[in-house]
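Me: I've got a model open and keep tripping over the labels people put on things. Can we go through some of them one at a time?

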Amino acid sequence: MSVPLGIRIAFAGGRESVARMALMAVGAAVGVALLLFTLTAMPVLQRHIDRLAWHRTTEASRPTAPDPALWLAVTDRYAGRDVIRVHVAALGPRPPVPPGVARLPGPGEVVVSPALGELMRTVPDDQLRNRFPGQVIGTIGPDGLIAPAELVGIVGRTPRELHATHGALEIRGIEQPGKRISLAGFYRVLISLVAVLIVGPVVVFVAMVTRVGAARREQRFTAIRLAGATRLQTAALAATETAAAVIAGTLLGWLGFLAARTVVATTSRWGMASRSSSKTSRRRSGRCCWCWSRCRCWPWRPPS
Amino acid sequence: MSGATPLLTGRGLHKSFGPTPALRGMDLSVDAGEVLAVMGPSGSGKSTLLHCLAGILAPDSGEVTLDGRRVDQLPDRERSRLRRTEFGFVFQFGQLVPELPMLENVALPLLLGGKGRRAAVAAAEEWLPRLGLDGLGHRLPGELAGGQGQRAAIARALIAGPRLVFADEPTGSLDSVAADEVMELLVTTAKDERIGIVVVTHEPRVAAYADRRVTMRDGRVVQPAAVP
């Protein structure tokens with residue numbers, strides 16, 4: 001009896017009740033959505049790092065194919081965005097192949113990310129297309145992209161061309177994802193932060209919304225107790241009322257998360273250069289735009 | 001008071017709120033079907049007495065018995081059952097659930113007792129004409145006049161067939177005409193159903209409806225008086 005009566009009371013109070021329920025639901029929805037985004041942040045970052053691995057290919061990368069290849073990765077900019085260009089030349093019939101492509105492009109062939117292909121079609125050839133000489137024979141699949149918006153292309157060359165190019169490396173394998181990030185310690189910190197910074201304010205918000213109708217709520221439960229409700233029945237009525245808002249809010253938050261994550265995924269620049277420095281200054285400094293130090297995690301180091 | 005065993009008895013009731021004593025050894029009994037008025041100035045302990053007798057508050061000491069059985073020590077579940085089946089309540093502001101239409105408010109004790117919604121509402125509908133509330137069953141408490149709200153509270157107090165109704169300043173928020181109507185209805189209907197009433201009031205015109213009056217001051221009875 002208590003649950004149907006609780007639902008009826010929760011929604012039968014006219015605009016005030018509906019507004020209070022709606023605010024509580026919004027509070028719960030915001031909390032759920034933020035929590036889901038927070039909890040998915042690390043797995044997403046891990047996935048980005050995994051997809052980033054092939055960009056770290058060097059002559060020291062472990063062999064992944066029987067035959068070697070020549071490899072020269074450079075990064076430049078177009079309209080403020082990083083454009084990654086990898087020149088490759090197979091040194092045998094079975095060279096290493098980066099993720100997201102079926103085979104290494106041969107001389108005069110190019111594979112590009114969908115975003116780069118689209119961009120090349122919309123701007124004059126002498127601004128971008130001419131940086132990728134050859135015929136575009138395909139696109140790089142999601143496994144080879146950090147994000148859908150990534151601008152990356154693989155240009156097939158002859159071995160002779162690349163042997164003559166300063167900085168080209170002879171590789172025997174494509175760099176593979178390394179050890180996974182240890183999440184245990186991170187989650188301990190994360191949960192504390194989430195509790196304090198995200199869930200805390202949401203709980204305060206929901207509590208404040210609940211207090212808006214506190215007087216009426218008290219009147220309601222006094223009346224119900226007087227009419228003979230046990231403490232358990234009264235608690236069930238109160239819980240039903242709150243649960244209705246929280247369930248609706250959780251559903252709303254989940255749907256919001258599902259809708260927003262697509263937007264976040266397509267606009268995320270994680271793992272991509274986000275600092276507004278020029279190609280030349282970066283190359284001159286030899287700093288990685290991922291960790292901004294002189295490291296080997298990104299192929300922007302100046303050729304020695 | 002008749003010579004028969006009282007329906008409800010309070011003996012040696014003490015109740016304090018922090019350092020402030022509200023009841024200081026109250027003794028009171030109510031016979032079946034009797035209308036008892038408890039009078040006294042504000043702060044004399046009238047409402048506290050009513051709450052202790054009705055099992056809403058537990059006295060610090062003393063005992064309350066219904067048909068000779070202790071009720072002040074009953075667990076919450078049993079006291080709730082008493083409030084639902086043996087007692088009815090009419091308070092100053094009706095104590096109706098603002099979100100429920102009047103019909104469901106009247107039916108509430110039956111709904112809480114486990115009766116099906118249809119049967120409970122049907123039982124409530126039978127009470128409306130008797131209290132002059134015909135056609136108002138679907139209105140929310142906020143849409144009712146003060147006297148109508150109190151009549152709905154009376155219907156709710158009587159619907160489960162209680163043996164005793166506790167009324168705490170039932171006409172306190174009404175004008176004199178509506179107050180007379182409400183008291184007339186409460187007393188007449190209770191007499192018809194042989195239901196006793198304990199009415200707490202400081203208004204002599206309300207107390208005039210009672211079979212017996214007691215006057216309280218500082219948590220004690222100072223003037224028991226039988227109504228001729």
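Reply: Sure. Two strands pair if DSSP finds at least two bridges between them, and strands themselves are DSSP runs (E, at least two residues), just as helices are (H or I, at least four), all numbered from the N terminus. One caution: this is a predicted model, where local features need pLDDT of at least 70, side-chain atom pairs count only at pLDDT 80 or more, and totals for chains, interfaces and linings use all residues. Residues are numbered from 1 along each chain as its sequence is written, while chains are lettered from A and ligands numbered from 1 in the order in which they are written.

Me: What order do the 4 strands of the open sheet in chain B come in?

Reply: The order is E2-E1-E4-E5, with antiparallel pairing.

Me: What makes E4 and E5 of chain B count as joined?

Reply: E4(B), residues 61-66, and E5(B) share 2 bridges and run antiparallel. Pairing asks for at least two bridges, so the pair qualifies. As an example of the partners, B:Leu66 is bridged to B:Arg69 in E5(B).

Me: Why are E2 and E5 of chain B said to stand at the edges?

Reply: Strand E2 (20-30) and strand E5 (69-70) each have a single partner strand, so one side of each is left without a neighbour in the sheet.

Me: What lies across E1, E2 and E4 of chain B?

Reply: Helix H1 of chain B, residues 46-53, running at about 125° to E1(B), which is strand 8-17. Axes here are lines fitted to C-alpha atoms, for helices over the stretch in contact, and angles run from 0 to 180 degrees between N-to-C directions.

Me: Where is B:Asp67, and why is its exposure class what it is?

Reply: B:Asp67 is in the loop between E4 and E5 of chain B. A residue is buried if 20 or more other C-beta atoms lie within 10 Å of its own, exposed if 12 or fewer, and partly exposed in between, with C-beta atoms placed from the backbone. B:Asp67 has 13 within 10 Å, so partly exposed is the label. Its phi is near 55°, a positive value in a residue other than glycine.

Me: And B:Glu169, buried or exposed?

Reply: Buried, because B:Glu169 has 20 C-beta neighbours inside 10 Å and the cut-off for buried is 20 or more. B:Glu169 sits in the loop between strand E7 (164-168) and helix H6 (176-192) of chain B, and has a positive phi of about 45° although it is not a glycine.

Me: How do you know the reach of H6(B) fits its 17 residues?

Reply: The expected span is 1.5 Å times one less than the number of residues. For H6(B) that gives 24 Å, and the helix reaches 24 Å from its first C-alpha to its last. Its buried residues include B:Leu186 and B:Val187. After H6(B) comes B:Arg194, whose phi is positive, near 55°.

Me: Over in chain A, which class does A:Leu35 get, and why?

Reply: Partly exposed: A:Leu35 has 17 C-beta neighbours inside 10 Å, which falls between the limits for exposed and buried. A:Leu35 lies in helix H2 of chain A, residues 14-52. A:Phe257 is 222 residues away in sequence, yet the two C-alpha atoms are 9.5 Å apart.

Me: What does A:Leu35 touch?

Reply: A:Val194, A:Ile198 and A:Val199, leaving out residues up to four places away in sequence. Contact means that the C-beta atoms, placed from the backbone, lie within 7 Å.

Me: What makes E1 and E6 of chain A a pair?

Reply: They are joined by 3 bridges and run antiparallel, with E1(A) covering residues 69-78. That meets the minimum of two, so they pair. A:Leu70 has A:Glu170 as its bridge partner in E6(A).

Me: What is the strand order in the sheet of chain A?

Reply: E4-E3-E5-E2-E1-E6, an open sheet with mixed pairing. Strand E4 (135-139) and strand E6 (169-171) are at the edges, each with a single partner strand, so one side of each has no neighbour in the sheet.

Me: How many residues of each chain are in contact across the interface?

Reply: 20 residues of chain B meet 19 of chain A. H2(B) gives the most to chain B's side, with 6 residues.

Conventions
Contact = placed C-beta atoms within 7 Å.
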